[in-house]
Amino acid sequence: MSHLSDIDSAYQKLKIRADMLYEFVILYHNFIYAKHSYDVEDFNMIEMHTLTYIDDTPGVTATELAKMWHKSKSSISQIIKKLTEAGYLEKRFSENNEKNAHLYATEKGSRLSNIHKAYDVADITQTASHLEEHCSREDLDAFYRIVEEYVKLLKSEL
């Protein structure tokens, strides 16, 4: 019986931080998948960051995006389809290769990508200002170092 109480005691100590981390992950997940207005269209952050990445990396393929964003090719294909149908992206195929489309932002897509970049600059600046009111520069630097290490850990488990 003592072994179970030891496990329960250890669990209770770890649970507070684990619950905080779970809540952050869930809230951030909901935030990135919520629709955001970029003055032109309502897209979620994944869709906008995908468009912006394609605008910044012309010719990227869906396979490369899926790998980079840690998403299924099907999920990325749905985003590409939505952005293409809305006139923000175009697909170009290499000669003799109709399977592997290279993706390019249209002029309309580049304009929206620039709106998104301005939105991100304002949002990140506002978030950083808020955090700096409550945390020291050292705290924030440590937070980002921890996030970097956590990302490495998660990637190693995939």
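A residue counts as partly exposed when its relative accessible area falls between the buried class, under 20%, and the exposed class, over 50%. With that scale in mind, please remember throughout this tour that the model is a predicted one.

**First stop: helix α6**

Select Arg 137 and Asp 141, which both belong to helix α6 (residues 137-157) and sit 4 residues apart, about one turn of the helix. Asp 141 has a relative accessible area of 35%, so it is partly exposed, and Arg 137, at 44% relative accessibility, is also placed in the partly exposed class. If you display the side chains, you will find a salt bridge between Arg 137 and Asp 141, in which the closest N and O atoms are 3.7 Å apart.

Staying in the helix, move to Glu 149 and Lys 152, which form a salt bridge whose closest N and O atoms are 3.1 Å apart. Because Glu 149 and Lys 152 are 3 residues apart in helix α6, about one helical turn separates them. Glu 149 is partly exposed at 45% relative accessibility, and Lys 152 is likewise partly exposed at 45%. Salt bridges with shared partners also join Glu 132, Arg 137 and Asp 141 into one network, so it is worth adding Glu 132 to the selection in order to see that network as a whole.

**Second stop: helix α1**

Now select Lys 15 and Asp 19, where the salt bridge has its closest N and O atoms 2.5 Å apart. The two residues lie 4 residues apart in helix α1 (residues 2-33), which means that about one helical turn separates Lys 15 from Asp 19. Lys 15 has a relative accessible area of 28% and is therefore partly exposed, while Asp 19, with 34%, is partly exposed as well. In the model, the count of salt bridges comes to 8.

**Third stop: helices α3 and α4**

Which residues of α3 meet α4? Select Ala 62, Thr 63, Leu 65, Ala 66 and Trp 69 in α3, and you will see that they meet Lys 73, Ile 76 and Ile 80 in α4. By class, this contact of α3 with α4 is made up of 6 nonpolar, 1 polar and 1 charged residues. Viewed as a pair, helix α3 (residues 62-69) and helix α4 (residues 73-85) have axes that come within 9 Å and cross at roughly 115°, and the crossing in which α3 passes α4 is right-handed.

Between these helices, look for His 70, which is found in the loop between α3 and α4. Although His 70 is not a glycine, its phi is positive, at about 55°.

**Fourth stop: helix α2 and Glu 47**

Select Glu 47, which has its place in helix α2 (residues 45-56). Is this residue, Glu 47, buried or exposed? Its relative accessible area is 7%, so Glu 47 is buried. When residues up to four places away in sequence are not counted, Glu 47 touches Lys 35, Ile 79, Lys 82 and Leu 83.

**Fifth stop: where α2 packs against α5**

Keep α2 on display and add α5, since the two pack at an angle of about 115° with their axes 9 Å apart. The crossing of α2 and α5 is left-handed. On the α2 side, highlight Met 48, His 49, Leu 51, Thr 52, Asp 55 and Asp 56, which meet Gly 109, Ser 110, Leu 112, Ser 113, His 116, Lys 117 and Asp 120 in α5. The residues of this contact of α2 with α5 divide into 3 nonpolar, 6 polar and 4 charged.

**Last stop: Thr 106 and along α5**

Go next to Thr 106, found in the loop between β5 (97-105) and α5. At 17% relative accessibility, Thr 106 falls under the 20% limit and therefore counts as buried. A polar atom of the Thr 106 side chain lies 3.0 Å from the backbone nitrogen of Gly 109. Leaving aside residues up to four places away in sequence, Thr 106 touches Gly 87, Tyr 88, Leu 89 and Glu 90.

To finish, select Ala 118, whose place is in helix α5 (residues 107-134). Ala 118 is partly exposed, with a relative accessible area of 48%. If you draw a C-alpha to C-alpha distance from Ala 118 to Glu 148, the two are 25 Å apart in space and 30 residues apart in sequence.

Key. Residues numbered from 1 in each chain as written. Predicted model: local features only at pLDDT ≥ 70, side-chain atom pairs only at ≥ 80, totals over all residues. Heavy atoms only, no water. Buried < 20%, exposed > 50% of the residue type's maximum accessible area, 1.4 Å probe, protein only. Contact = heavy atoms within 4.5 Å. Axes fitted to C-alpha atoms, helices over the stretch in contact; angles between N-to-C directions. Left-handed = near helix turned anticlockwise from the far one by under 90°. Nonpolar A, V, L, I, M, F, W, Y, C, P; charged D, E, K, R; others polar. Salt bridge = Lys/Arg side-chain N within 4 Å of Asp/Glu carboxyl O. Polar contact = N/O pair within 3.5 Å; in protein donor to acceptor, adjacent residues only side chain to side chain.
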